[in-house]
Amino acid sequence: MRLLPTTIAAILAASAFSLPVQANSDQLAANICNYVQTDDKNRLRKKLKENRVKLRNIYSGVTCGGDSLLRTAMKSGSDKVGTFVAKRLSVADLSASEADGKTIVEWADGNGHGGSAITSAIKERIAGG
């Protein structure tokens with residue numbers, strides 16, 4: 001008889017903690033996007049460290065206005081942050097197709113960002129440099 005109230009209490013306790021985690025994740029993503037757009041590498045690094053998060057683990061889940069972090073950095077002219085992000089990602093992440101089916105390099109070349117420092121860092125990383 002005591003199992004049912006204990007189970008209900010455990011479920012309620014678990015659900016109470018899920019909402020703040022989601023809100024915290026949303027706030028972290030908003031902060032990351034803001035730091036990418038303003039080219040603030042130091043604050044980005046600090047925020048990731050404070051939250052004990054590795055960029056390569058969250059890269060695919062964070063979008064800024066529908067764009068990946070690298071695309072956002074290129075559009076904003078955030079070379080310091082963009083090269084930082086490119087150096088922290090795996091070659092598989094950099095070579096993968098994004099939501100529109102294009103890789104980041106294909107997108108950059110097609111949208112006038114082929115000569116940017118970020119694209120150079122990505123190509124160097126893919127080539128194994």
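Reader: How many salt bridges does the structure hold?

Author: The structure, which is a predicted model, holds 5 salt bridges.

Reader: What makes the contact between Glu-50 and Lys-47 a salt bridge?

Author: A salt bridge requires a side-chain nitrogen of Lys or Arg within 4 Å of a carboxyl oxygen of Asp or Glu. The side chains of Glu-50 and Lys-47 meet at 3.7 Å, N to O, and the pair therefore satisfies the definition.

Reader: Where do Glu-50 and Lys-47 stand in relation to each other in helix H2?

Author: Glu-50 and Lys-47 are 3 residues apart in helix H2, so about one helical turn separates them. An α-helix has 3.6 residues a turn, so residues three or four places apart point the same way.

Reader: Why is Lys-47 called buried, and why is Glu-50 called partly exposed?

Author: Buried means under 20% relative accessible area, and partly exposed lies between that value and 50%. Lys-47 has a relative accessible area of 18%, so Lys-47 is buried. Glu-50 has 49%, so Glu-50 counts as partly exposed.

Reader: How do you know that the buried residues of H2 lie on the same side?

Author: The buried residues in H2 are Leu-44, Lys-47 and Leu-48. They cover an arc of only 100° around the axis, and this puts them on the same side of H2. The face of H2 turned away from the buried side carries the exposed residues Asn-42, Lys-46 and Lys-49.

Reader: Why is Lys-49 called exposed?

Author: Lys-49, whose place is in helix H2, has a relative accessibility of 71%. Exposed means over 50%, so Lys-49 counts as exposed.

Reader: Which residues form the positive surface patch?

Author: The positive surface patch is formed by Arg-45, Lys-49, Lys-87 and Arg-88. The elements that give two or more residues to this patch are helix H2 (41-50) and helix H5 (79-88).

Reader: What makes Lys-87 accessible enough for a patch?

Author: A patch takes residues with over 30% relative accessible area and no salt bridge. Lys-87 lies in helix H5. With a relative accessible area of 54%, Lys-87 is exposed, so the accessibility condition is met. In space, Lys-87 is 9.4 Å from Glu-124, C-alpha to C-alpha, although the two are 37 residues apart in sequence.

Reader: What is notable about phi in the residue Arg-52?

Author: Phi of Arg-52 is near 55°, a positive value in a residue other than glycine. Arg-52 follows H2 and lies in the loop between H2 and helix H3 (55-58). The relative accessible area of Arg-52 is 81%, which is over 50%, so Arg-52 is exposed. Asp-39 also has a positive phi, of about 60°, although Asp-39 is not a glycine; Asp-39 is found in the loop between H1 and H2.

Reader: Why is helix H4 described as mostly covered?

Author: In helix H4 (residues 69-76), 6 of the 8 residues are buried. The buried residues are Leu-69, Leu-70, Arg-71, Thr-72, Ala-73 and Met-74. H4 is followed by Gly-77, whose phi is positive, near 70°.

Reader: How do you know that Arg-71 is buried?

Author: Arg-71 has a relative accessibility of 7%, and the limit for a buried residue is under 20%, so Arg-71 counts as buried.

Reader: What makes Arg-71 and Asp-100 a salt bridge, and which parts does the pair tie together?

Author: The side chains of Arg-71 and Asp-100 meet at 2.9 Å, N to O, which is within 4 Å, so the pair is a salt bridge. Arg-71 lies in helix H4 and Asp-100 in the loop between helix H6 (91-95) and helix H7 (104-110), so the pair ties together parts that are 29 residues apart in sequence. Asp-100 is partly exposed, with a relative accessible area of 42%. Arg-71, Glu-98 and Asp-100 are linked in a network of salt bridges.

Reader: Is Asp-67, the partner of Lys-75 in a salt bridge, buried or exposed?

Author: Asp-67 has a relative accessible area of 15%, which is under 20%, so Asp-67 is buried. The closest N and O atoms of Lys-75 and Asp-67 are 2.5 Å apart.

Definitions and conventions. Residues are numbered from 1 along each chain as its sequence is written. This is a predicted model: local features need pLDDT of at least 70, side-chain atom pairs count only at pLDDT 80 or more; totals for chains, interfaces and linings use all residues. Side-chain values use heavy atoms; hydrogens and water are left out. Patches are made of residues with over 30% relative accessible area and no salt bridge: like charges are joined within 9 Å, nonpolar side chains (Val, Leu, Ile, Met, Phe, Trp, Tyr) within 5 Å. Accessible areas come from the Shrake-Rupley method with a 1.4 Å probe; for residues, only the protein chains shown count as cover. Lys and Arg count as positive and Asp and Glu as negative; His and the chain ends are not counted. The place of a charge is taken as NZ of Lys, CZ of Arg, CG of Asp or CD of Glu. Helices (H or I, at least four residues) and strands (E, at least two) are DSSP runs, numbered from the N terminus. Buried means under 20% relative accessible area, exposed over 50%, partly exposed in between (1.4 Å probe, protein chains only). The arc is that of the directions from the helix axis to the C-beta atoms.
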